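Could you walk me through this model, from a single chain up to the way the chains join? Here is the structure, and a guided tour follows.

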Amino acid sequence: MAHFTVEYTHNIEQDADLPRLFADAHRLLADTGVFPVAGLRSRAHRLETWRVADGAGDYAFVHATFRMGHGRDAATRRRVAEALFALIKAHFAALQSRRLLALSFELTELDPEMSFKHNNIHQRFAS
Amino acid sequence: MAHFTVEYTHNIEQDADLPRLFADAHRLLADTGVFPVAGLRSRAHRLETWRVADGAGDYAFVHATFRMGHGRDAATRRRVAEALFALIKAHFAALQSRRLLALSFELTELDPEMSFKHNNIHQRFAS
Amino acid sequence: MAHFTVEYTHNIEQDADLPRLFADAHRLLADTGVFPVAGLRSRAHRLETWRVADGAGDYAFVHATFRMGHGRDAATRRRVAEALFALIKAHFAALQSRRLLALSFELTELDPEMSFKHNNIHQRFAS
């Protein structure tokens, strides 16, 4: 199970194209060999009320988090984190070239003991 | 203080019935004896833009988190986690029997030192 | 990089004035000397579906989190946490004097290794 979450300010709605980012992210994550594609979940949170820095400029921001199952070694986690953030930077590069846009990213692990799942999507992929 | 958060994809809006899930969850949590009912907070986040797996099926997902005050032992935390996830599975069982639906859950603890509260709801329950 | 997030129940929309809270918070955080103003990001999540306690009263709640870069000592983190929560309490004091309102707050740190950023806002402040 791996959870990708992207917060974005409402003023980049026309350019953010989150469906494409999520499609690209799932392909990238599946290609790492670390995650079965069936366990990937992404979601966006559009932010209506927000502030960046001094609030004085025409700012925007995108903050992404990736929360993955516990137990992969640090090198693997770093490889995943760097690949995902590289994708995010590429996805927003054109937009960032023409406006003030802050991108940030954090990878964390799910709790090793207290994380559960129950679904019928893996079956579809197994069959 | 205990925080229950449920993310759900917009395509199950008609069936999710979060108000009932939250009512059942608060009753269950109060009945554990671990949490005073006055300290329970639940909220849903409806997801408009999201992706599951390869995006090729009529998928849906529900991801729930429970963040509780620090300091209960592991057995207590596990008991709470399992009871809550059993409730979630029961709540969505009928829906999951007829569509591709992924349920997931994580329990974590609030920071032991840097978590504060200030409210006038406990007073109502004390009086 | 520091992320301030405020969840609030929809029934206090008219009184919450999050833009003012965020402006005050960014000023306070910049004044601590701990954070460059360019790295501050705030956002609100309006909650449409939620429950407090037994659901029987005209309750409301505000839950705020502050996630800051790793590495400041505990005394600094505590000073920041207490200053921010004092601001939140002051911001909502008038509202809390006339209705049942629960305020809560948690400060946590970003992952020390797996947190990245890429932006052109700091440049604006440097120039």
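**Strands that cross between chains**

R51(A) sits opposite S42(C), which lies in β2(C). Strands here are DSSP runs of E with at least two residues, helices are runs of H or I with at least four, and both are numbered from the N terminus. This is a predicted model, in which local features need pLDDT of at least 70, side-chain atom pairs count only at pLDDT 80 or more, and totals for chains, interfaces and linings use all residues. As for labels, residues are numbered from 1 along each chain as its sequence is written, while chains are lettered from A and ligands numbered from 1 in the order in which they are written.

Back to that pair of residues. The strands behind it are β3(A) and β2 (residues 40-47) of chain C, which pair in the antiparallel sense over 3 bridges. To count as paired, two strands need at least two bridges found by DSSP. Now look at where chain A meets chain B: strand β2 (residues 40-47) of chain A pairs with β3(B), antiparallel, through 3 bridges. There, S42(A) has R51(B) in β3(B) as its bridge partner. Between chains B and C, strand β2 (residues 40-47) of chain B and β3(C) run antiparallel, joined by 3 bridges. S42(B) has R51(C) as its bridge partner in β3(C).

Zoom out and the strands make up a sheet. This open sheet has 6 strands in the order β3(A)-β2(C)-β1(C)-β4(C)-β5(C)-β6(B), and its pairing is mixed. At the edges stand β3 (50-52) of chain A and β6 (115-119) of chain B; each has a single partner strand, so one side of each is left without a neighbour in the sheet. On average, and ignoring direction, neighbouring strands of this sheet are turned by 10 degrees against each other. (Axes are lines fitted to C-alpha atoms, for helices over the stretch in contact, and angles run from 0 to 180 degrees between N-to-C directions.)

Helices lie across this sheet too. Helix α2 (residues 18-31) of chain C lies across β3 of chain A together with β1 (2-9) and β2 of chain C, and runs at about 150 degrees to β2(C). Then there is α3(C), lying across β6 of chain B together with β4 and β5 of chain C, at about 160 degrees to β5(C).

**Where the chains touch**

Take chains B and C as one contact. Here 28 residues of chain C are in contact with 25 residues of chain B, where contact takes C-beta atoms, placed from the backbone, within 7 Å. On the side of chain C that touches chain B, β3 (50-52), β4 (59-68), α3 (74-98) and β5 (100-109) each supply at least two residues. β5(C) gives the most, with 9 residues. By class, that side of chain C has 14 nonpolar, 7 polar and 7 charged residues. (Ala, Val, Leu, Ile, Met, Phe, Trp, Tyr, Cys and Pro count as nonpolar, Asp, Glu, Lys and Arg as charged, and the others, Gly among them, as polar.)

Next, chains A and B: 28 residues of chain B are in contact with 25 residues of chain A. The largest share of the side of chain B that touches chain A, 9 residues, is from β5(B).

**Inside the chains**

Chain A has 4 helices and 6 strands, and along the sequence they follow the pattern β-α-α-β-β-β-α-β-β-α. Its C-alpha trace spans about 50 × 30 × 25 Å along its principal axes. Of the 127 residues of chain A, 45% count as buried, which takes 20 or more other C-beta atoms within 10 Å of the residue's own, against 12 or fewer for exposed and in between for partly exposed, with C-beta atoms placed from the backbone.

Try L29(A), found in helix α2 (residues 18-31) of chain A. Why is L29(A) buried? Because L29(A) has 24 other C-beta atoms within 10 Å. Leaving aside neighbours within four places in sequence, L29(A) is in contact with A2(A), F35(A) and L40(A). The C-alpha atoms of L29(A) and A2(A) are separated by 9.5 Å, with their positions 27 residues apart along the chain counted as their spacing. 

Finally, look at two helices in chain B. Helix α2 (residues 18-31) and helix α3 (residues 74-98) of chain B pack at an angle of about 150 degrees, their axes 10 Å apart. That angle is why α2(B) is roughly antiparallel to α3(B), a label for angles over 145 degrees (under 35 is roughly parallel, 65 to 115 roughly perpendicular and the rest oblique). Where they meet, L21(B), D24(B), A25(B) and L28(B) in α2(B) face A83(B), L84(B), L87(B) and H91(B) in α3(B). The residues of this contact divide into 6 nonpolar, 1 polar and 1 charged.

Technical notes: Contact = placed C-beta atoms within 7 Å.
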